[in-house]
Amino acid sequence: MKKTIITIAAALSFAGAVLTAQPRYAVVDISVNFLREAPDYTAELGTQALMGTVVEITGEEGYWRQVVTPEPYTAWCTELGLVEMGEKEIEAYMSAPKYICTAWHSTIYSEPSAKSQKITDIVAGDIMRVSGERSGRFTGVLLPSGIRGYVLKQDVEESDRWQASREPSARNIIKEAMKFIGVPYLWGGASVNGVDCSGFTRLVFQMNGISLPRNASQQARSGTDAGVQADISFGPDSEGLSEEMHRRAGTLEPGDLIFFGAPSSDGSHRITHVGIYIGDGKFIHSSHKVRLSSLFPEDDLYYENSYKLLSARRIIPGI
């Protein structure tokens, strides 16, 4: 399988465009950048972008910048969360050796000591350049802004080595997903601080080296069909629902993405929710919080909207 590493490669995916056009580019300079649907703090949260992600600036209103992320997703954030770079600066940034944060949460300090001034927090998936300095338990990093700092060695890994170590198996997908148990649901969330349903699945696969689109409706077109055939006549109280749900789950394999929704008037299906199947009718998803649920009505963990299961996609080849 050809690995697609979104955390590093997609964060830098505008490289080719930089060489052929003269748009404006910037790099996310804070641990988790909140991207909103309009240039206002009260606007709906659309998604989040992690430190080190390269974005294209496509609009400006006051101190707000409209950006396009690598997924792609178009939204707004403030200028203080970005470092705008020219063509040569972007090229130098992209070619520089980097670390990826592999700890759930960590901190960059001004000196190689946890007692020194904190510069910023970082979270899993954040990207920083390697500065070269090492001191005891700490290693030096460069933020996109160029500010130098130090982070615990155990909390980061060289990005090239990390990429080479990715093994996107069902076991590793589920292992990563289980780390999120209890993380609160956040509309537009796509970081360990909070996730919506598709932000959760995207981040889990991202940390295993697989690129997924941002939204559930887009993810429902990824991979290959896992063979779920849903009888949409069933409702939450239909007789025979248990047998129907066992039948739908019969083709599923651990690691499959499962999609819930409702049929549209034109005969298509409107996807509204996504989770990761883990086997025996169980799946993990972000609904109120990241939690385990079951497709089967007789189970204690039964998810009340399971009857809305419409389809499933197999993202990992060979399972």
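This passage walks through the nonpolar cores, one helix and the salt bridges of a predicted model.

We may begin with the interior. The largest nonpolar core comprises 32 residues, and those with the most contacts inside it are Phe 180, Phe 200, Val 204, Phe 205, Leu 257, Ile 276 and Val 290. Two or more residues each come from helix 4 (170-178), helix 5 (197-206), strand 18 (257-263) and strand 19 (269-279). Of these elements, helix 5 gives the most, with five residues. Leu 257 offers a good view of the surroundings: beyond residues up to four places away in sequence, its contacts include Thr 201, Phe 205, Leu 212, Val 274, Ile 276, Ala 312 and Ile 315. Another core, of 17 residues, lies apart from the largest one, and Val 228, Phe 234, Phe 260 and Leu 309 are among its members. In soluble globular proteins, nonpolar side chains tend to be buried together.

Helix 7 (residues 241-249) comes next. Its buried residues are Leu 241, Glu 244, Met 245, Arg 248 and Ala 249. Because they cover an arc of only 130° around the axis, these residues sit on the same side of helix 7. An α-helix has 3.6 residues a turn, so residues three or four places apart point the same way. The partners against which the buried residues of helix 7 pack are strand 19 and strand 22 (309-314).

Turning to links between side chains, the structure contains zero disulfides. Cys 77 is buried, at 1% relative accessibility, and Cys 101 is buried too, at 0%.

Salt bridges, by contrast, number 13. In one of them, Glu 60 pairs with Arg 24, with the closest N and O atoms 3.0 Å apart. Glu 60 belongs to strand 4 (residues 54-61) and Arg 24 to strand 1 (residues 24-28), so the bridge ties together parts 36 residues apart in sequence. Both partners are partly exposed, Glu 60 at 47% relative accessibility and Arg 24 at 31%. This pair also belongs to a network of salt bridges that links Arg 24, Glu 60, Arg 65, Glu 79 and Glu 84.

A second bridge joins Glu 71 to Arg 202, where the closest N and O atoms are 3.7 Å apart. Here the partners are 131 residues apart, with Glu 71 in the loop between strand 5 (64-68) and strand 6 (74-78) and Arg 202 in helix 5. Glu 71 is buried at 18% relative accessibility, as is Arg 202 at 10%.

How values were computed:
Residues numbered from 1 in each chain as written. Predicted model: local features only at pLDDT ≥ 70, side-chain atom pairs only at ≥ 80, totals over all residues. Heavy atoms only, no water. Core = buried A, V, L, I, M, F, W, Y, C linked by side-chain atoms within 4.5 Å. Buried < 20%, exposed > 50% of the residue type's maximum accessible area, 1.4 Å probe, protein only. Helix = DSSP H or I, 4+ residues; strand = E, 2+ residues; numbered from the N terminus. Contact = heavy atoms within 4.5 Å. Arc of directions from axis to C-beta. Disulfide = S-S within 2.5 Å. Salt bridge = Lys/Arg side-chain N within 4 Å of Asp/Glu carboxyl O.
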